[in-house]
Amino acid sequence: MSETAAVGAHAHGAHAEHHELGFIRTYVFSTDHKMIGRQFLFMGLFMMILGGLLALLVRWQLAWPESEVPFTQWIPEPHMYAGHMDAAAYNSFFTMHATIMIFFVVMPILVGAFGNFLIPLMIGTRDMAFPLLNMLSFWIALFSGFIMLAGFCIPGETHAASGWTAYSPLAAVPAFTGVNAGQNLWCISLIVLGISSLMGSINYITTIINMRAPGMGFFRLPLTIWALFIVAILLLLALPVLTGALAMLLFDRMAGTSFFQPAGGGEPLLWQHLFWFFGHPEVYILILPAMGIASDILSVFSRKPIFGYRAMAFSMIGIAFLSWIVWGHHMFQSGMNPALGTTFMISTMVIAVPSAIKTFNWLGTLWGGNIIFSVPMLNALAFVSMFVIGGLSGIYMASTPVDIFIHDTYFIVAHIHYVVFGGSVFGIFAAVYFWFPKMFGRMMNETLGKIHFWPTFLAFNGTFFPMHILGIGGHMRRIYNPLQYDFLKPMQPINVFITVSALCLGVAQIPFVINFFWSLFAGKKATINPWNANTLEWDAPSPPPHGNFGEIPTVYRGPYEYSSPLVPEDFLPQSRKLAPEVSARASH
């Protein structure tokens, strides 16, 4: 690993100079991977509040259509009219809720924040391979966020209103939604965000391949790093497809081309193919990091090795590969040759195999473990259980005859939220509570954490599980006023129940916000390894200094050696060197 050592020495020299940098270069335009990770985290949390408030506006409208929404009289026209929203504003709100949550909350936090913070620490190096490129990736992502938010400030029109899938020709012809500049800004923002994500992906892949600590083979990587590595490859291959499609959509809107407009000889289904060729891997881009994070946390708080480490890694590779060949199941109801539809149906169902391997291995890890119900563990358990429900409802989406009936109903809204909220967001909460001591040098409050977790878990299920019932009952998604349809009126009490639960879900986040910011300044100071974990980041001080480690650690074993008979403690860090006779006993 001489090359690695040379790279590490070079990076260490660079970071020695970093101590002399001023406030702006240290905290604003920083090239330190840890600061960039924190910047992504704060950006994602801010956007989570905004995206959540938009969801509550949408839910209010569905429960009590066209009534005055409390505390919104200050929102100007055309977004609200003295506290009331019209259909155009409703379309804009649900479009922006989904866009913000997917592209500016889950991706920046799970991939941007924890990818940047954890990769160099967990593989035992001092920084990313390209620190300057890393800094640029954050600032370009932030710039993209500003462009997206600017769409709310265009006089006389709402923001993008074609749904986050932006199906053409609805999205291609401004007259169809009544939105012109807002939809253009939506496209431009996502193109810019794609550039940022490509920069980050190149950095992650290069760093993991080339800069691992001595002894850190691929099958000694923590599963969080495996997940981030696979996600970086997915991003590298999927995002250019979306970026190209968005550029074509912009040309249709602004330059008079007809890539997707049938009136000019274009093909609307081409947009759907291109979008879902990106969109289905995107689902796994959102969920795979949470899978890796949950794996690490379940092992730590079960005090057991992860069950089937290699099977877990290979199942993530299998899921990533299969995600490329199943995009067609999003288009069953768009019209498809039955033989092709059957092919997509079978390939989609095959994804259940590696997903089931992961689920059974998580259960195998828990089985017989000395489980500690800490806040990170509770959120990791919530992730597993919600992912199972989301996965089971996904089987209905994969089945052609069932999907044609329920695809455009609230059943799929329930499914996607069990996967993306129940999966990714509980993964985010688990990661924040688990790595907060390492990121900020202080512990979060456990009591406040549990006050946050239990109402969130209950309100989440109260919000999204009844949507399955609405969907089976034929309740369409993306409608402004359910009471306009007689057959939906008997289901309106369910809509009210869902909205009340959603409001409770929003209120349940207040303890998290209080806990986060209170702990930043007044939380109990964290020790180097407060959870008695094995992975390399816990060898570094809390928070780690520039350069992370005094000396680059050497890795002697895998990351999940808990309750090992070789040592009296119930954990055995990757970097701990055992006496020769103990190592010899282990080899037998």
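I began with the second largest pocket, where helix 3 gives the largest share of the lining, eight residues. The model is predicted, and I read every entry below with that in mind.

**Second largest pocket.** I looked up its volume and found about 680 Å³ of space. The lining has 22 residues, and I noted those closest to the centre: Leu53, Leu57, Thr72, Trp74 and Ile75. I then checked which helices supply at least two lining residues each, and found helix 3 (33–63) and helix 17 (492–507).

**Cavities.** How many cavities of 30 Å³ or more are there? I found four. I took the largest cavity next and noted a volume of about 200 Å³. I listed the residues closest to its centre, out of 19 that line it: Phe40, Val111, Gly112, Ser196 and Ser197. Helix 3 turned up again here, since at least two residues of this lining come from each of helix 3, helix 4 (87–123), helix 5 (131–150), helix 7 (181–210) and helix 8 (223–254).

**Aromatic rings.** I searched the whole structure for aromatic pairs and got 57. I picked out Trp362 and Phe387. Are their planes stacked or edge-to-face? The ring centres are 6.2 Å apart and the planes stand at 80°, so I entered the pair as edge-to-face; the cut-off for that class is over 60 degrees. I placed Trp362 in helix 12 (residues 352–366) and Phe387 in helix 13 (residues 375–398), so the pair ties together parts 25 residues apart in sequence.

Is Trp362 buried or exposed? I found a relative accessibility of 0%, so Trp362 counts as buried. For Phe387 I found 9%, so this residue counts as buried too.

I also followed ring pairs through a cluster, which links Tyr418, Phe421, Phe426, Phe453, Trp454, Phe457, Phe460, Phe464 and Phe465. Apart from the ring pairs, I noted a charge over a ring: Arg310 lies over the face of Phe219, 4.1 Å from the ring centre.

**Helix 16.** I looked at this helix from end to end. Helix 16 covers residues 446–472, has 27 residues, and reaches 39 Å from its first C-alpha to its last. I compared that span with the 39 Å expected at 1.5 Å a residue, and the two are close.

What reaches the backbone nitrogen of Thr447 at the start of helix 16? I found a side-chain oxygen of Asn445, within 2.9 Å. Just after helix 16, I noted Gly474, which takes a positive phi of about 95°.

Terms used. Residues numbered from 1 in each chain as written. Predicted model: local features only at pLDDT ≥ 70, side-chain atom pairs only at ≥ 80, totals over all residues. Heavy atoms only, no water. Phe/Tyr/Trp six-rings, centres within 6.5 Å; stacked < 30°, edge-to-face > 60°. Helix = DSSP H or I, 4+ residues; strand = E, 2+ residues; numbered from the N terminus. Buried < 20%, exposed > 50% of the residue type's maximum accessible area, 1.4 Å probe, protein only. Lys NZ or Arg CZ within 6 Å of the ring centre and 35° of its normal. Expected span 1.5 Å × (residues − 1). Polar contact = N/O pair within 3.5 Å; in protein donor to acceptor, adjacent residues only side chain to side chain. 1 Å grid on protein atoms, 1.4 Å probe; cavity = no way out; pocket = protein on both sides within 12 Å on 5 of 7 lines; lining within 4 Å. Points joined across faces, edges and corners; volume = space filled by probe spheres on them.
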